[in-house]
Structures are given as structure tokens and as C-alpha cells.
Amino acid sequence: MIKLYIDPSVMTYALQFIVGAAITVGAIVAVVFRKMKKKVKNTLNIEEKKEIEEDIVDLSEDNKQ
């Protein structure tokens, strides 16, 4: 049986590296997915339905001049 001593500071650096790598890979996958989705929509001529809200008109007596 091999007994090794791993310094706690090495483990914190390793953990930071693993978490940073996971976040980076997740961000890259999200960006690539978004670009692929946009390209597929443009290729298939699929339009997004965007709901446009009307302007708010304040008709209260306090704001009339």
C-alpha cells in the first residue's frame, strides 16, 4: 500500500482548476449551442415571434400640465 501526503493547498488549487474548467466548458457549450440554434433557424427560415409591448401612457391628473 502506497501512502502519499497531499498538501491541503494543492487540493484547493486542484479544486479551483476543476471548477474553473467546468464553468469554462459550460460557457463554451452555451455559446456554441446558441450560435447553432440561430444558424438552424436562419437556414430553415424560422422566425421568432417577439411580443412588442405598447408604450405606457399616464393619464392621471397629477402629471398633466
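Trainee: Where is the place of Leu59?

Mentor: Helices are DSSP runs of H or I, at least four residues, and strands are runs of E, at least two, numbered from the N terminus. Leu59 sits in the segment after H1. This is a predicted model, where local features need pLDDT of at least 70, side-chain atom pairs count only at pLDDT 80 or more, and totals for chains, interfaces and linings use all residues. Residues are numbered from 1 along each chain as its sequence is written, and side-chain values use heavy atoms, leaving out hydrogens and water.

Trainee: Is Leu59 buried or exposed?

Mentor: Buried means under 20% relative accessible area, exposed over 50%, partly exposed in between (1.4 Å probe, protein chains only). Leu59 counts as exposed, at 65% relative accessibility. Val10 lies in helix H1, residues 8–43. Val10 is partly exposed, at 46%.

Trainee: What percentage of the chain's residues count as buried?

Mentor: Of its 65 residues, 0%.

Trainee: How many helices and strands does the chain have?

Mentor: One helix and zero strands. The radius of gyration, taken over C-alpha atoms, is compared with a globule rule of 2.2 Å times the number of residues to the power 0.38. Here it is 27 Å, well over the 11 Å that the rule gives for 65 residues, so the chain is more spread out than a compact globule. Its C-alpha trace spans about 85 × 45 × 15 Å along the principal axes.

Trainee: What separates the C-alpha atoms of Leu59 and Thr12?

Mentor: A distance of 60 Å; the two residues are 47 residues apart along the chain.
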